[in-house]
Amino acid sequence: MTRAVTILGATGSVGSSTLDLIERTPDAFEVVALTAHSDVAGLAAAARRTGARFAAIGDDRLGPALADALAGSGVETGAGESALIDAASMPADWTMAAIVGCAGLKPVMAALEQGRTLGLANKESLVSAGDLMMQAARGHGATLLPVDSEHNAIFQCLDHARLESVRRIILTASGGPFRTWSRAEMAAVTPERAVQHPNWSMGAKISIDSATMMNKGLELIEAHHLFPVGHGRIDILVHPQSVIHSMVEYVDGSTLAQLGTPDMRVPIAHALAWPERMVAPVETLDLVRIGSLSFEAPDPDRFPALALARAAVEAGGARPAILNAANEQAVAAFLARRIGFLDIAAIVAQVLDRYDPAAPANLDEVFVVDGEARRLADELMEVKAA
Ligand code: NDP
Ligand code: MG
């Protein structure tokens, strides 16, 4: 039986890894829709190769270019936010949510509202609108399969029917490229240096998040929504080798872990085939070669993003959406060389200090909060740059 699959964010790092798995087992999958933001050539090539029914480009000015690139292919095309939502709403057995940032939220909600099975990589959508997303998933009978490697590990180790038997969830973190660096050393880093992750090859935004450790903060909030054991029972542990992807500790003293080589195709394959297993073309985990695994506590002084995220999940309401939006703006500004590396967490902290609206009750209100947090971040960064 073939599985009909849609990939939101098909041209990115997670999207390409998903396509790689699908294209190696063409009999098992059929591609319904693919989306991108501006990479017309990448999207068109993937749509032709896979025989997708529909291709959507987020930037609506690029609609004609996409239509040209796919002329004669039989692939239907669309452009703009509404086309992304159309792509997510088309009937499919399985949808990969791999758009980066809160830009993925509306398509993700559209897929959930169709009661789809969704592989979730797009953590920012869950951080910004976790309560609404989980509510939509429950209300429409949708299934959320975590693709983020840590959450996929927890999903595999967790006794979902007995959450009360969980003592702790231990979210592992590589510590990023600056794990051993001082704040003074971090102050001068360039975007080129900061995107070089020691273990994982990923898109630019999440690579910067890993360097500031905001990624682990976002993942704490993500875990809180996916695995409701109480955020006070989710701990962060630095594990530089990225071999243990996370652990679940039970009240009887047993701790279960999921291990694998740091290759996103491992968690993607798990979610893609779930509840079955599929063959994935990944390196086998060679523990003899690795030799030893090490662990350390995270350093809150050098990585202030961790405490900001912890405070946001504790307070709830609009705080996680503000944290995420300010971070997205600050990371983009750092990548554009408008602010320094240490300014990223500082800007997020300042936006959180200045803006404290009521909890958003619906998606429109989430976007109001998101927009205002971005505007404030931009304003603060202009002051900084001046
Ligand atoms: P990339 O930057 O590599 O890819 C992002 C994808 O989203 C691309 O297809 C891009 O299109 C599209 N996109 C970007 N902006 C928009 C927008 N405004 N509207 C619609 N589509 C958009 O990101 P990654 O693959 O690294 O990450 C994707 C998500 O997965 C993120 O949320 C990240 O945190 C999460 N994740 C990633 C991991 C990884 O290993 N990379 C690991 C765990 C989680 P285009 O190419 O045209 O710009
Ligand atoms: Mg992760």
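## Reading a predicted model, feature by feature

Analyst: Let's start with one residue: E219 is buried, with a relative accessible area of 1%. Keep in mind that this is a predicted model.

User: Thanks! Why does E219 count as buried?

Analyst: The general idea is a cut-off: buried means under 20% relative accessible area. E219 has 1%, so it counts as buried.

User: Which residues coordinate the magnesium ion (ligand 2)?

Analyst: D148 and E150 do so, together with E219, through side-chain oxygens (OD for D148, OE for E150 and E219) at 2.1 to 2.2 Å. Along the chain, these donors follow the spacing D-x1-E-x68-E. D148 is in the loop between β7 (143–146) and α7 (149–157), while E219 is in helix α11, and the two are 71 residues apart, so the pair links distant parts of the chain. D148 has 7% relative accessibility and therefore counts as buried.

User: Now the rings. How many aromatic pairs does the structure hold?

Analyst: There are four aromatic pairs in the structure. One of them is F178 with F341, which is edge-to-face: the centres are 5.2 Å apart and the planes are at 85°. To read that label, you need the cut-off: planes over 60 degrees apart count as edge-to-face. F178 lies in the loop between β8 (166–173) and α8 (183–187), and F341 in the loop between α15 and α16 (343–354); with their positions 163 residues apart, the pair links distant parts of the chain.

User: Are F178 and F341 buried or exposed?

Analyst: F178 has 0% relative accessibility, so it counts as buried. F341, at 3%, counts as buried too. F341 also forms an edge-to-face pair with F334, at 5.6 Å centre to centre and 70° between the planes. F334 is buried as well. Ring pairs join F178, W181, F334 and F341 into a cluster.

User: Which ring does the charged end of K106 sit over?

Analyst: That is the ring of F367, whose centre is 4.8 Å from the charged end of K106.

User: How should I read a helix?

Analyst: Here is a handy general idea: an α-helix has 3.6 residues a turn, so residues three or four places apart point the same way. Now look at helix α10 (residues 204–212), which is mostly covered, with seven of its nine residues buried. Among the buried ones are K205, I208 and D209. The buried residues of α10 pack against α6 (123–140), α9 (191–194), α11 (214–226), α14 (305–315), α15 and α16. Just after α10 comes M213, with a positive phi of about 70°.

User: What does E124 touch?

Analyst: E124 is placed in helix α6. Leaving out residues up to four places away in sequence, E124 touches V100, G101, C102, K205, N324 and E328. A polar atom of the E124 side chain lies 3.1 Å from the backbone nitrogen of G101. With 5% relative accessibility, E124 counts as buried.

User: One last residue: where does Q329 lie?

Analyst: Q329 lies in helix α15 (residues 319–335). Beyond its neighbours within four places in sequence, Q329 is in contact with R374, A377, D378 and M381. The side chains of Q329 and R374 are joined by a polar contact of 3.0 Å. Q329 has 18% relative accessibility, so it counts as buried. By contrast with those contacts, A44 is 29 Å from Q329, C-alpha to C-alpha, and 285 residues away in sequence.

Definitions and conventions
Residues numbered from 1 in each chain as written. Chains lettered and ligands numbered in written order. Predicted model: local features only at pLDDT ≥ 70, side-chain atom pairs only at ≥ 80, totals over all residues. Heavy atoms only, no water. Helix = DSSP H or I, 4+ residues; strand = E, 2+ residues; numbered from the N terminus. Buried < 20%, exposed > 50% of the residue type's maximum accessible area, 1.4 Å probe, protein only. Contact = heavy atoms within 4.5 Å. Polar contact = N/O pair within 3.5 Å; in protein donor to acceptor, adjacent residues only side chain to side chain. Phe/Tyr/Trp six-rings, centres within 6.5 Å; stacked < 30°, edge-to-face > 60°. Lys NZ or Arg CZ within 6 Å of the ring centre and 35° of its normal. Donors = N, O, S within 2.8 Å, 3.2 Å for Na, K, Ca; no water.
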